[in-house]
Amino acid sequence: MAKPLIAITGPVKGAFGPRFLVALAIRLYGGQPLQLRPGQEPGQYSFDGVVVTGGHDIDPVLYAAEPEVEPKHDVARDKFEMEVIDLAINRRLPMLGICRGAQLLNVYRGGNLHQELSSHREKTSHRWTIFPLKTLCIQSGTWLAEFMGTETAKINSLHNQAIAETGAGFTVAGRDLDGLVQAIEDQGYGFLIGVQWHPEFLIFMRRQRRLFQALVNAAASGASRRSGSST
């Protein structure tokens, strides 16, 4: 049986640690990672699933907003990853968006973002941490609830921005204690979920690894079809 090929997107340079950890999690559950960067042509690859990883803030021009904070954008990456998402949506491939990736999935569907979060914080700290110190409140009846197997979980926080209005087809699957969106999903799609935290830094926790396991499992049927069509 063919291993599902999972595309992992990211910047041209850097982000070695997160990309390595995502690839490790993909391999752990029987997938084959494919690292993609701006400058490559995603249409040349027959992958079965996608992980859009974290990184710089998204250019607000993509959701028709004026900049509210000092820009830290990667325009080339925005364009490239929007192309990958478009290709994956057209092929109906399973996708997992992480942090910036979740935000970009939301923007692709017509949603928008909070460009700064400090003014929205009352119950939680705005400091960044890779450690699971913040509380995630999970909506019952969602994929996220199924994967996590719990109503609350501890997550990390490495983001400047967050999802405000959700894009078409997305529902909120989880929020933090301040009510800020921490996860979105589209149950009508097949497998399409975005999480605001970084599960790759928490792969020592079983329930965090389940996100990658679920993605690989969802992509496996596509890999089987690809293998069958090539014989």
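Which residue forms a salt bridge with E81? Keep that in mind as you start. The model on your screen is predicted.

**Stop 1: the sheet**

Begin with the strands. Nine of them form an open sheet, and the pairing is mixed. Follow the order β2-β1-β3-β4-β11-β10-β9-β6-β7. At the edges sit β2 (32-36) and β7 (152-157), each pairing on one side only. Neighbouring strands are turned against each other by 25 degrees on average, direction ignored.

**Stop 2: the β2 edge**

Select residues 5-9, strand β1. β1 and β2 run parallel, joined by five bridges. Now pick L5. Opposite L5, in β2, stands Q32.

**Stop 3: β6, β9 and β10**

Select β6 (residues 129-138) and β9 (residues 171-175). These two strands run antiparallel, with two bridges between them. Click on I138: its bridge partner in β9 is G174. Stay on G174 and look to β10, where its bridge partner is A183. Four bridges join β9 to β10, and this pair runs antiparallel. β9 and β10 also form a hairpin, with five residues between them. Find G179 in the turn; its phi is positive, about 85 degrees.

**Stop 4: a helix across the sheet**

Add helix α3, residues 100-108. What does α3 lie across? Four strands can be shown with it: β3 (49-52), β4 (95-98), β10 (181-185) and β11 (192-195). Against β4, α3 runs at about 120 degrees.

**Stop 5: two helices together**

Next, select α2, residues 75-91. α2 and α3 pack at an angle of about 65 degrees, and their axes are 10 Å apart. That angle makes α2 roughly perpendicular to α3. The crossing is right-handed.

Show the side chains of the contact. From α2, take R77, D78, E81, M82, I85, D86 and I89. From α3, take R100, L104, L105, V107 and Y108. How do these residues divide? Seven are nonpolar, five are charged and none is polar.

**Stop 6: back to E81**

Zoom in on E81. Its salt-bridge partner is R77, and the closest N and O atoms are 2.9 Å apart. Side chains of opposite charge can pair when their charged atoms come close. E81 and R77 both lie in α2, four residues apart, about one turn of the helix. E81 and R77 are also among the α2 residues that make the contact with α3. Over the model, the count comes to five salt bridges.

Notes
Residues are numbered from 1 along each chain as its sequence is written. This is a predicted model: local features need pLDDT of at least 70, side-chain atom pairs count only at pLDDT 80 or more; totals for chains, interfaces and linings use all residues. Side-chain values use heavy atoms; hydrogens and water are left out. Axes are lines fitted to C-alpha atoms, for helices over the stretch in contact, and angles run from 0 to 180 degrees between N-to-C directions. Angles under 35 degrees count as roughly parallel, over 145 as roughly antiparallel, 65 to 115 as roughly perpendicular and the rest as oblique. A crossing is left-handed if the near helix is turned anticlockwise from the far one by less than a right angle, and right-handed if clockwise. Contact means heavy atoms within 4.5 Å. Ala, Val, Leu, Ile, Met, Phe, Trp, Tyr, Cys and Pro count as nonpolar, Asp, Glu, Lys and Arg as charged, and the others, Gly among them, as polar. Two strands pair if DSSP finds at least two bridges between them. A salt bridge is a side-chain nitrogen of Lys or Arg within 4 Å of a carboxyl oxygen of Asp or Glu.
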